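Biologist: Before I accept the terms used for this model, I should like to hear the criterion behind each of them. Please take them one at a time.

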Amino acid sequence: MIPFNKIYYKNEKLKYIEDVLTKGKISGDNKYTKKCHDFIGKQFCTQKALLTASCSLALDMSSILLNLKEDDEVIMPSFNFVSTANSVALRGAKPIFAEVKEDTLNIDPEDIKRKITKKTKAIFPVHYAGVSCDMDEIMSIARNNGLMVVEDSAQGVNAKYKGKYLGTIGDFGTYSFHETKNYSCGEGGAILINHDSDLVERAEIIREKGTNRSKFLRGEVDKYTWVEIGSSYLMSDVLAAILYSQFENLDKIQKERERVYNMYMDGLGNLEKLGEIKLPVIPEYCESNYHIFRIMLNSLQERNYLLDELKKRNINAAFHYIPLHSSPMGKRLGYKKGDLPLTENISDLILRLPIYPDLGNEQIDYIISSIYDILKK
Ligand SMILES: *Cc1c(COP(=O)(O)O)cnc(C)c1O
């Protein structure tokens with residue numbers, strides 16, 4: 001069976017795990033967490049990065065930092081994973097779902113403009129597949145309307161928009177290091193605080209159970225105490241050790257994913273010419289990290305047929321998302337099917353192929369020829 005996803009694993013990371021375990025400092029904010037913080041700060045150019053136990057929790061922290069409350073509105077795509085919407089709903093605020101653009105499947109700035117009201121507090125763009133949203137336009141809409149921007153860059157680690165790393169452009173950025181992402185330690189994430197240094201101190205407090213323990217550990221106060229709401233958002237240093245070894249292979253992992261992506265593009269080009277499928281596009285201003293390889297079929301029926309037939313040939317393909325506005329929770333928020341037709345159509349037609357560093361050229365050839373065979377071309 002060719003799996004849909006497989007982690008990049010080489011033995012060298014065991015020495016870091018052994019180091020953590022023998023020293024016994026396995027809670028958060030120890031040696032490898034600090035190494036990861038330094039790495040993210042320097043490599044991706046941001047003033048402050050803090051590891052969290054997941055990207056979902058980094059988004060939850062962002063919504064606390066924004067002081068979201070009941071009746072506030074936050075604009076985000078409906079073609080999206082649940083975490084951005086949850087982080088807003090957990091504060092009692094309302095996710096406002098916008099359409100995506102057909103080429104990148106990223107949020108449409110024109111629809112953002114249409115959805116701004118007096119209640120709007122923030123925009124949460126999501127960089128789908130490691131391909132950037134139109135950040136210049138989104139930042140200018142935000143600044144003109146006094147809105148904050150949180151980039152859900154769960155899929156965008158090490159990808160760029162006009163030379164800037166994703167996650168470092170908005171007020172906050174969030175990363176995921178979940179098993180399924182490009183750089184992984186099982187479960188993990190980070191929040192990046194990019195511009196406002198006052199927010200750095202608040203972020204440290206919220207992440208340390210609402211206390212000023214970080215200041216205490218630096219010797220800046222002589223005891224620590226409860227200062228505001230927060231929770232325990234830290235990542236164990238055991239996981240940070242794994243993550244650090246992934247960072248050491250940052251470019252290698254990306255290069256291998258690029259190889260897979262390009263082989264699919266070359267191999268499936270004829271099917272696009274025949275009008276059977278649509279291939280993804282990476283706009284000129286983006287440098288992708290090749291997180292996802294997806295194609296579009298011509299109908300829901302064809303998509304499901306291809307998915308089933310690939311499974312019979314031991315190839316695990318996948319699709320996502322059920323649009324958030326048409327989910328059971330979306331319906332409880334007052335949305336209904338038909339509200340965002342383009343998003344619903346994309347969700348019906350999309351199919352994702354396996355992509356990971358260890359996927360061999362022969363396996364890729366087999367996947368490509370299977371697709372031709374199934375579509376009988
Ligand atoms: C994976 C993902 C998340 C959640 O990441 P976790 O680290 O699993 O919490 C959030 N948003 C998007 C767009 C994702 O792809």
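Modeller: One open sheet has 3 strands in the order β7-β6-β10, with antiparallel pairing. This is a predicted model, in which local features need pLDDT of at least 70 and side-chain atom pairs count only at pLDDT 80 or more, while totals for chains, interfaces and linings use all residues. Residues are numbered from 1 along each chain as its sequence is written, and side-chain values use heavy atoms, leaving out hydrogens and water.

Biologist: What makes β6 and β10 a pair?

Modeller: Two strands pair if DSSP finds at least two bridges between them; strands themselves are DSSP runs of E with at least two residues, and helices are runs of H or I with at least four, numbered from the N terminus. Strand β6 (residues 160-161) and β10 share 2 antiparallel bridges, so the criterion is met. Within this pair, Tyr161 stands opposite Cys286 of β10.

Biologist: Why are β7 and β10 called edge strands?

Modeller: Both β7 (164-165) and β10 (286-287) pair on one side only.

Biologist: How do you know that β1 pairs with β9?

Modeller: Between β1 and β9 (residues 189-193) there are 5 bridges in the antiparallel sense, against the required at least two, so they count as paired. Leu192 in β9 is the bridge partner of Ala49.

Biologist: Why is Pro354 called buried?

Modeller: Buried means under 20% relative accessible area, exposed over 50%, and partly exposed in between (1.4 Å probe, protein chains only). Pro354 has 0% relative accessibility, and therefore counts as buried. Pro354 sits in the loop between β12 (350-353) and α14 (361-374). Its contacts (heavy atoms within 4.5 Å), not counting residues up to four places away in sequence, include Ile2, Phe4, Tyr264 and Ile315.

Biologist: Is Tyr9 then buried, partly exposed or exposed, and why?

Modeller: Tyr9, in the segment before α1 (13-23), has a relative accessible area of 39%, which lies between the two limits, so Tyr9 is partly exposed.

Biologist: What makes a set of residues a nonpolar core?

Modeller: The members must be buried Ala, Val, Leu, Ile, Met, Phe, Trp, Tyr or Cys residues joined through side-chain atoms within 4.5 Å. The largest such core has 48 residues, of which Phe124, Met135 and Ile193 touch the most other members. Helix α3 (residues 55-65) gives the largest share of this core, 6 residues. A second, separate core of 29 residues includes Tyr261, Ile315, Tyr356 and Ile364.
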